Amino acid sequence: MDGSTALIAGGGIGGLTLALELHAAGIPCRVFEAAPELRPLGVGVNILPHASAVLDGLGLTPAMAEIAIETIESGFFNRFGQEIFTEPAGKRAGYDHAQWSVHRGDFQMMLYRTVVERLGEDAVQLDHKLIGFEQDADGVTAHFQSLATGEPLPSARGGILVGADGIHSAVRKQLYPNEGRPRYSGIKMWRGTSVAPAFLSGATMVRAGWLQDGKLVIYPIRENVDGQGNQLVNWVAELETDFEADRNWGARGDLEEFIGAFEDWTFDWLDVPALIRSSEAIFEYPMVDQDPLEQWTFGRVTLLGDAAHPMVPRGSNGAGQAILDAPVLRRFLETAASPAEALAQYEAVRLPATTAVVLKNRDTPPDAILREVWERTDDKPFDDIGTVISHDELVALSNSYKTVAGFAVPVGGDGE
Ligand SMILES: Cc1cc2nc3c(=O)[nH]c(=O)nc-3n(C[C@H](O)[C@H](O)[C@H](O)COP(=O)(O)OP(=O)(O)OC[C@H]3O[C@@H](n4cnc5c(N)ncnc54)[C@H](O)[C@@H]3O)c2cc1C
């Protein structure tokens with residue numbers, strides 16, 4: 001490894017995408033991942049068209065088509081199963097690129113395999129937990145520990161260090177040792193995956209209900225998992241509660257804590273309680289984010305993905321915004337006069353863009369449509385949605401989120 005190598009802490013979605021971008025630009029890089037082995041962890045994530053465009057640029061569309069479901073529409077329903085609004089998604093909505101619904105673990109493993117294929121076996125150093133770094137005029141030195149044994153490992157020297165090490169980022173902690181606790185939104189999520197027959201179009205992302213009484217997000221993420229045509233369906237149940245848990249993607253949740261809110265959600269198009277009960281495992285996660293930082297870049301060190309801009313997972317944008325960071329950083333590393341200048345230019349583009357998404361997710365995420373209808377109907381069934389809210393208002397609510405998150409339907413192709 002020489003002094004121009006980019007050191008990337010974290011082999012998650014953002015770190016691995018960055019490795020592929022840098023490799024495509026001929027910039028040497030090395031990923032250091034804390035986990036001793038990469039396993040397909042997590043449940044479903046959505047990759048919106050602007051992020052799919054980045055993956056397409058990396059030649060990953062065929063691989064995505066193999067592991068993911070191409071979402072064709074997004075539907076909003078009340079807790080009685082009545083349809084409020086359905087709009088086309090991905091290519092059907094006029095984007096050049098698909099919206100992918102995918103198991104996070106399948107996606108990370110695909111990125112990992114691609115990095116190993118293109119950059120070689122050594123490109124990702126597993127069991128390398130970053131524990132600190134220092135920089136001087138010529139480069140950065142990063143220090144590591146084995147997560148498996150706790151033993152110190154040899155340090156690495158490079159030209160830059162990118163902290164792509166997720167919500168508990170060690171890089172961020174060193175830059176901001178006194179940062180406060182995450183900001184709890186008052187909502188807890190329970191998540192899982194179940195094997196079930198296709199519902200609605202078979203490729204619909206559903207958001208239903210509202211948080212006080214129970215809200216649900218459901219979408220399929222794998223086709224024909226059992227040879228009988230059933231899909232793997234991702235579900236997320238959300239409820240307002242004062243009880244705040246720590247951020248741990250692997251924390252197990254308790255069915256009895258939330259199933260009561262969904263017990264009568266038996267629609268003619270989906271039996272929600274049956275779907276939830278058949279889940280392989282249930283995870284819980286608090287809906288939290290952190291106040292946007294004013295600075296990510298300090299000389300030769302910067303942040304990317306959740307380490308830079310953790311956001312509440314309400315607009316399908318956590319993975320997408322991490323992916324979008326990568327080509328911008330690559331572009332400035334290719335063109336800027338020095339590494340420090342490249343990182344500063346990257347921050348100047350991506351920090352304001354992601355800050356806007358973090359804040360938008362707090363107050364008017366796409367499910368604001370559900371809140372509006374919940375308030376206007378006093379949480380009762382309606383006879384005609386047109387008397388509750390006009391189609392134009394529904395479209396305006398949906399589009400306002402897309403514009404801030406950077407995926408407004410383009411006139412001539414996907415924007416950034
Ligand atoms: C195990 C796991 C499960 C997840 N499940 C879901 C899910 O079901 N749904 C969802 O929406 N989002 C999930 N996420 C988060 C989601 O992947 C991110 O919000 C998003 O993809 C942004 O990607 P990222 O690369 O910034 O962060 P992540 O994808 O979280 O990647 C961060 C990586 O950094 C590694 N890391 C952490 N600390 C260090 C360190 N000190 N040194 C080296 N490496 C380190 C982590 O092991 C991880 O691989 C999960 C994340 C993880 C780690």
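This passage describes a parallel sheet, the surroundings of a bound ligand and some local features in a predicted model.

The sheet is open and is built from 5 strands, which follow one another in the order β8-β2-β1-β12-β18 with parallel pairing. Because β8 (124–125) and β18 (301–303) stand at the edges and each have a single partner strand, one side of each is left without a neighbour in the sheet. Helix α8, which spans residues 339–363, packs on this sheet and touches both β12 and β18, and its direction makes an angle of about 20° with that of β18.

Within the sheet, the pairing can be followed from strand to strand. Strand β1 (residues 6–9) pairs with strand β12 (residues 160–163) in the parallel sense, over 4 bridges. In this pair Ala-6 has Ile-160 of β12 as its bridge partner, while Leu-7 stands opposite Leu-161 of the β12 strand. Strand β1 also pairs with β2, again in the parallel sense and over 4 bridges, and here Ala-9 is found opposite Phe-32 in β2. On the way to the edge strand β18, β12 is joined to β18 by 3 bridges, and these two strands run parallel; Leu-161 stands opposite Val-301 in β18. Leu-161 therefore faces Leu-7 as well as Val-301, and its strand β12 has partners in both β1 and β18.

The burial of the side chains was examined for two of these strands. In β12 both faces are covered, since Ile-160 and Val-162 on one side and Leu-161 and Gly-163 on the other are all buried. The pattern in strand β2 (residues 29–32) is described in a similar way: Cys-29 and Val-31 lie on one side, Arg-30 and Phe-32 lie on the other, and all of them are buried, with both faces of the strand covered.

The ligand is surrounded by 29 residues, of which the closest are Glu-33, Val-43, Arg-104, Arg-191 and Asp-306. Several helices and strands contribute to this shell, and at least two residues are supplied by each of α1 (13–24), β3 (44–47), α4 (104–119), β9 (129–135) and α7 (318–335). The largest share, 3 residues, comes from α7. Backbone atoms also approach the ligand: a nitrogen atom of the ligand is 2.9 Å from a polar backbone atom of Leu-130, a nitrogen atom of the ligand is 3.1 Å from a polar backbone atom of Ala-34, and a backbone N or O atom of Ile-13 lies 3.2 Å from an oxygen atom of the ligand. Taken alone, the ligand exposes 920 Å², and the protein buries 86% of that area.

Two further regions are described. In helix α2, which covers residues 49–57, the buried residues are Pro-49, His-50, Ala-51, Ser-52, Val-54 and Leu-55; just after this helix, Gly-59 takes a positive phi of about 75°. Asp-379 is placed in the loop between α9 (368–377) and α10 (391–405). With a relative accessible area of 18%, which is under the 20% cut-off, Asp-379 counts as buried. When its neighbours within four places in sequence are left aside, Asp-379 is in contact with Arg-79, Phe-80, Asp-213 and Trp-374.

How values were computed
Residues numbered from 1 in each chain as written. Predicted model: local features only at pLDDT ≥ 70, side-chain atom pairs only at ≥ 80, totals over all residues. Heavy atoms only, no water. Pairing = 2+ DSSP bridges. Contact = heavy atoms within 4.5 Å. Axes fitted to C-alpha atoms, helices over the stretch in contact; angles between N-to-C directions. Buried < 20%, exposed > 50% of the residue type's maximum accessible area, 1.4 Å probe, protein only. Near = heavy atom within 4 Å. Polar contact = N/O pair within 3.5 Å; in protein donor to acceptor, adjacent residues only side chain to side chain. Areas by Shrake-Rupley, 256 points an atom, 1.4 Å probe, with all protein chains shown as cover.
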